[in-house]
Every structure is written in C-alpha cells, then in structure tokens.
Amino acid sequence: MNSIGSVQITFNNKGTKRTEWTTTKQVWVENGITVTNDKAASTTNVGDYEAPARFYQNSKLTIAYPGITKIEFTCGTYTGKDYATDLKNSITNGTVTVNGTLVTVVLDAPTDAYVIGNLVKQVRLLSLKVYA
C-alpha cells in the first residue's frame, strides 16, 4: 500500500451520492470511489434502495479507484440472511475473508477497477472501504 491509506463510500443519501440510476444501471460516487451496478444477466431491475443498497443476483458490480490493493465491504443484515457469505461466494479474484458482516478482499496486484462479474445472490451493502 502507498501513503494514500483508505477512503470510504457509504450507500446512504442516494439523492446526492448516487449520480446515475435507471432500471439497468446505478452509479454511486463518494471520496473518489465510483461504484457501478449493472443489471447484466439479472432478471430483476436495479433497485432503488439506500442504507443498505441492494445489488441483485446475476448483476455486475464494479469498484473504481486508482491503485486498489484491498477492499472492505460492510454488508447489511436481515433476519436469517447472510449477505457477507453470499458476497464472498461471488468473488473470484483476490484473497477473501469474512468476519461477521465484514468481507475483506486483498488483491494479488493493484488495480484501478475491481469487478465482481456475477453476484451469485443478492447482496446488501452499507459501505465499502478502499485501500490504495
């Protein structure tokens, strides 16, 4: 990691942080992080939710920030639903750990865009922190 450290985006206040929203795509921007959710192969339209934001099964999630080395996702909760494990099971690159509602991904090499190409189940996110 370089000296930038970390920055965070929270999925609240969709009126100002969400810069684009249609039934097929939404874009959230805060602190230089851009999170894009594309409907992709999902049969469900992109949701209009905040705190937590909902990203549906078979959709594509892209996190953009210069030089990402690690991402910490804080998942929302719902009685009997483990969104953290569902997110972990969707991630195919990097080293992934789960601790309660926190999912940590350590990348093998820095990247400017981290893509989860196909969410295996719905995921609800309160925030994510990017390390660079």
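A residue counts as buried when its relative accessible area is under 20%, and as exposed when that area is over 50%, with partly exposed in between. The structure discussed here is a predicted model.

**N37 and its surroundings**

N37 has a relative accessibility of 2%, so this residue counts as buried. N37 belongs to strand β4, which covers residues 33-38. The N37 side chain comes to 3.4 Å from the backbone oxygen of K60. K60 is also one of the residues that N37 touches when those up to four places away in sequence are left out. On that count, the other contacts of N37 are T24, K25, Q26, V46, F55, S59 and L61.

**Salt bridges**

Side chains of opposite charge can pair when their charged atoms come close. There are five salt bridges in the structure. Among them are the pairs listed here, each with the separation of its closest N and O atoms.

| Basic residue | Acidic residue | Closest N and O atoms |
|---|---|---|
| K17 | E30 | 3.3 Å |
| R18 | D48 | 2.7 Å |
| K81 | D86 | 2.7 Å |

Which elements does the salt bridge between K17 and E30 tie together? K17 is in helix α1 (residues 14-17) and E30 is in strand β3 (residues 25-30), so this pair joins parts that are 13 residues apart in sequence. K17 and E30 are both buried.

The salt bridge of D48 with R18 links distant parts of the chain, 30 residues apart. R18 sits in strand β2 (residues 18-21), while D48 sits in the loop between β4 and β5 (53-55). How accessible are the two partners? R18 has a relative accessible area of 13% and is therefore buried. D48, at 35% relative accessibility, counts as partly exposed. R18 and D48 also belong, together with K14, to a network of salt bridges.

In the salt bridge between K81 and D86, which residue is buried and which is partly exposed? D86 has a relative accessible area of 7%, so D86 is buried. K81 has a relative accessible area of 30%, which means that K81 is partly exposed.

**Summary**

N37 is a buried residue of strand β4, and the N37 side chain reaches the backbone oxygen of K60. Of the salt bridges described, the one between K17 and E30 has two buried partners. In the pair of D48 and R18, D48 is partly exposed and R18 is buried. In the pair of K81 and D86, K81 is partly exposed and D86 is buried.

Definitions and conventions:
Residues numbered from 1 in each chain as written. Predicted model: local features only at pLDDT ≥ 70, side-chain atom pairs only at ≥ 80, totals over all residues. Heavy atoms only, no water. Helix = DSSP H or I, 4+ residues; strand = E, 2+ residues; numbered from the N terminus. Buried < 20%, exposed > 50% of the residue type's maximum accessible area, 1.4 Å probe, protein only. Polar contact = N/O pair within 3.5 Å; in protein donor to acceptor, adjacent residues only side chain to side chain. Contact = heavy atoms within 4.5 Å. Salt bridge = Lys/Arg side-chain N within 4 Å of Asp/Glu carboxyl O.
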